[in-house]
Amino acid sequence: MDKQNDQSRMDKIVSLAKRRGFIFQSSEIYGGLNGFWDYGPLGVALKRNVKDAWWRDMVAGHDELATLAGAPSPYEMTGLDCTIIMHPQVWKCSGHFDLFHDWMIDCRESKRRYRYDHLHGRWAAHRGKKVFVTTDQSGDEAVPDTVAKAQKFFGLRAKQVDEIEWGGGLESLQAVVAAGVASLADALGPDAAAPGSLTEPREFNLMFETRIGALAGDDDDRAFLRPETAQGIFVNFKNVLDTSRVSVPFGIAQVGKSFRNEITPRNFTFRSREFEQMEIEFFCKPADSAEWYRYWRDRRWKWYLDLGLTAGKLQLREHASDELSHYSVGTADIEYAFPFLAPGEFGELEGIAHRGDFDLRSHMEGKLVRKNGELVVETGPDGKPRHRGSGKDLSYFDDVSRERYVPHVIEPSAGADRGTLAFLCDAYHEDEVPDADGKPRSRTVMKFHPRLAPVKAAILPLVKKDGMPEVAIDLYRALKPHMACQYDEKGAVGRRYARQDEAGTPWCLTIDGQTLADKTVTLRDRDSLVQSRVPVAEVVDLLRDKLA
Ligand code: ATP
């Protein structure tokens, strides 16, 4: 599919998400708030199903007595629900306070702000005039955007565009400036009319800051909204060990909100400022950690496939060694080919990182840095730790091997909103179905995996008379305790099917004349469109089995 089709596909998904109540812009009646999104009636059910599937598959339904395929041994799983605001020292020791930033750049002319690493550009010349044209567009839109900007800058008509001389292809502005090939003074900002309006890049910490207490004001009251859920798990490691009788290897899971003051939120919910994460910190013996890393990477990859994401649109990408964080021994990203990306581009759904003993040691000893290949406590000019740790012993005594060690950590860190967006994009299909007269009618259908579908079944009396609604209501009441279902008697049955197809409901149950005679209903399958007769008395068990 070409970029334009993919973009229009994305536009259709965004518009369906709004029209059918999956996702709304936050505070929309006041003009919306950039980077914040609300989930509507169908969206909240979809996202909850994503989170519930994750929790059930990873935690609640985990069989701790079995050795699962690919796992080096059986293991235990447990959970936590930690606060969003934590002791500020947590973020100092974790490194977020000093290091969790992006470089931003402002435009004095347009008053717009950009992420420095998102800007690209190339030299353009016309009749002795030369400018470095920049764009904040990505993928296939970037080059045409620079052409349009150069045309405007040189004051050319469309047919004169070929007169522009280009000095090569698009390059990162950051790289070009660092290499001295162009300066910010030469650069024409993405929304500027004249060059030289871009400011020097500045560091921008992505943590949202707040103040604690009524007398807020001095620096001691400063606190942060968590940018990840993981740290709550590390600082509770000892509490969980001491209270739940778990032993290494084991994992602690958490689902919750995280906040990042992203400079340029974009691509619908993909890059939001408030979002939810589903994270596991898995603690294991250092010697076994490489095997556990591979286990979690493969396990998490399979989870997305099992829930129906198209295999060809998913990619597992191992980070190259120069891409790894200073503490990481190995990281892989699970990525999805979102329709808003250029063909061949993928966006991260989840990162699986081998973090070694970095996190537990940081919270014991203080903020760590890598020096000559070793992790050591970072010291200030006075020789004292730059950010002091808790001093608490977070090591583990292994009863089996009779050794004491600081466990290594494998972290599968997934975004609930990005996952939900991927399921939403992947589910979107347009096809044709025969209408009541057998003529082909185009339909939009959301082919969610039944476990994720917001509504599992719709119960539709063919007409609002002849005792059909009564049978339908009884069936609705029998099903409702077991799964989300809807009763709908309004409009032609074809329109009711169409409404359910757009909501992604896998099964429609129609009560018709034959139901009254032989106590069977029509079960219509959303994807195959096969209609079969099922005894009313068997519907609940049948659908429960399909969902199991
Ligand atoms: P990116 O490089 O896209 O900013 P990241 O590598 O910083 O992501 P992590 O810190 O590894 O992301 O966070 C783990 C997961 O949390 C990501 O895989 C993603 O699913 C989710 N996530 C991170 N930032 C955002 C965001 N701004 N909006 C929505 N989800 C996010």
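Here's a quick look at one pocket, one helix and a set of paired strands in this predicted model.

Residues are numbered from 1 along each chain as its sequence is written. Local features need pLDDT of at least 70 and side-chain atom pairs count only at pLDDT 80 or more, while totals for chains, interfaces and linings use all residues.

**The pocket.** The second largest pocket holds about 500 Å³ of space. A pocket here is an open set of points on a 1 Å grid over the protein atoms alone, where a 1.4 Å probe fits, with protein on both sides within 12 Å along at least five of seven lines. The volume is the space filled by probe spheres set on the points. Its lining (residues with an atom within 4 Å of a point) counts 23 residues, and Gln 137, Pro 265, Arg 266, Asn 267 and Phe 268 lie nearest the centre. Helix H1 (residues 3-19) gives the largest share, five residues.

**Helix H11.** All 12 of the 12 residues in H11 are buried, meaning under 20% relative accessible area with a 1.4 Å probe, protein chains only. Helices are DSSP runs of H or I with at least four residues, and strands are E runs of at least two. At 1.5 Å a residue, H11 (residues 416-427) should span 16 Å, and its end C-alpha atoms are indeed 16 Å apart.

**Strand S13.** Eight of the 10 residues of S13 (residues 250-259) are buried, so the rest of the structure largely encloses this strand. Two strands pair if DSSP finds at least two bridges between them.

| Strand paired with S13 | Sense | Bridges |
|---|---|---|
| S3 (residues 76-79) | parallel | four bridges |
| S14 (residues 274-284) | antiparallel | 10 bridges |

Gly 79 stands opposite Ala 253 in S13, and Lys 257 has Glu 276 in S14 as its bridge partner.

Methods. Side-chain values use heavy atoms; hydrogens and water are left out. The expected span of a helix is 1.5 Å times one less than its number of residues. Buried means under 20% relative accessible area, exposed over 50%, partly exposed in between (1.4 Å probe, protein chains only).
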